[in-house]
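Visitor: Pick one part of this model and walk me through it up close. I'd like the cut-offs along the way, please.

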Amino acid sequence: MSAAENEDQLRAKGYDKTPDFILQVPVAVEGHIIHWIESKASFGDECSHHAYLHDQFWSYWNRFGPGLVIYWYGFIQELDCNRERGILLKACFPMNIVTLCHSIA
């Protein structure tokens with residue numbers, strides 16, 4: 001089983017709106033649990049971010065739980081105000097990820 005399913009794999013399962021990746025096993029980033037990752041090759045300005053929130057991010061949150069949005073060219077820091085509600089913003093892939101470890105007895 002893979003650690004994440006990409007957009008094409010999710011669409012093959014019948015999902016219409018999908019993030020770029022859904023993690024099979026959630027991770028923690030900066031103390032927040034992450035179930036999905038969306039990558040945007042843009043700058044997160046107020047207008048586009050609010051449109052993405054309305055059209056995509058809250059739908060992902062409703063279906064898959066909390067997630068992470070990566071804006072490749074940065075974002076307006078004040079837009080990162082939904083962390084406690086389950087949507088984190090970052091300008092690059094986080095380096096400090098906490099993963100769930102399984103032990104085999």
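Guide: Start at the surface, where F43, W72, Y73 and I76 make a nonpolar patch of about 450 Å². A patch takes residues with over 30% relative accessible area and no salt bridge, joining like charges within 9 Å and nonpolar side chains (Val, Leu, Ile, Met, Phe, Trp, Tyr) within 5 Å. Areas are Shrake-Rupley with a 1.4 Å probe, and for residues only the protein chains shown count as cover. Keep in mind that this is a predicted model, so local features need pLDDT of at least 70 and side-chain atom pairs pLDDT 80 or more, while totals for chains, interfaces and linings use all residues. Numbering runs from 1 along each chain as its sequence is written, and side-chain values use heavy atoms, with hydrogens and water left out.

W72 sits in the loop between β4 (67-71) and β5 (87-90); strands here are DSSP E runs of at least two residues, helices H or I runs of at least four, numbered from the N terminus. From W72 you can hop to K40, whose contacts (heavy atoms within 4.5 Å) include W72, Y71 and Y52, leaving aside neighbours within four places in sequence. K40 belongs to strand β3 (residues 32-40) and counts as buried because its relative accessibility is 9% (buried is under 20%, exposed over 50%, partly exposed in between).

Now follow β3 back to β2 (residues 21-29): the two run antiparallel, joined by five bridges, and strands pair if DSSP finds at least two bridges between them. Along the way, W36 in β3 is the bridge partner of I22. Two residues lie between the strands in this hairpin, and E30 there takes a positive phi near 50°.

E30 is where the charges come in. Its side chain meets R83 in a salt bridge at 2.6 Å, N to O (a Lys or Arg side-chain nitrogen within 4 Å of an Asp or Glu carboxyl oxygen). E30 is in the β2-β3 loop and R83 in the β4-β5 loop, so the pair ties together parts 53 residues apart in sequence. E30 also bridges to K90, with the closest N and O atoms 2.5 Å apart. That second pair links K90 in strand β5 to E30 across 60 residues. At 44% relative accessible area E30 is partly exposed, whereas K90 is buried at 17%. R83 meets D80 too, at 2.7 Å, and D80 is buried at 13%. Put together, E30, D80, R83 and K90 form a salt-bridge network.

Note on methods: Buried means under 20% relative accessible area, exposed over 50%, partly exposed in between (1.4 Å probe, protein chains only).
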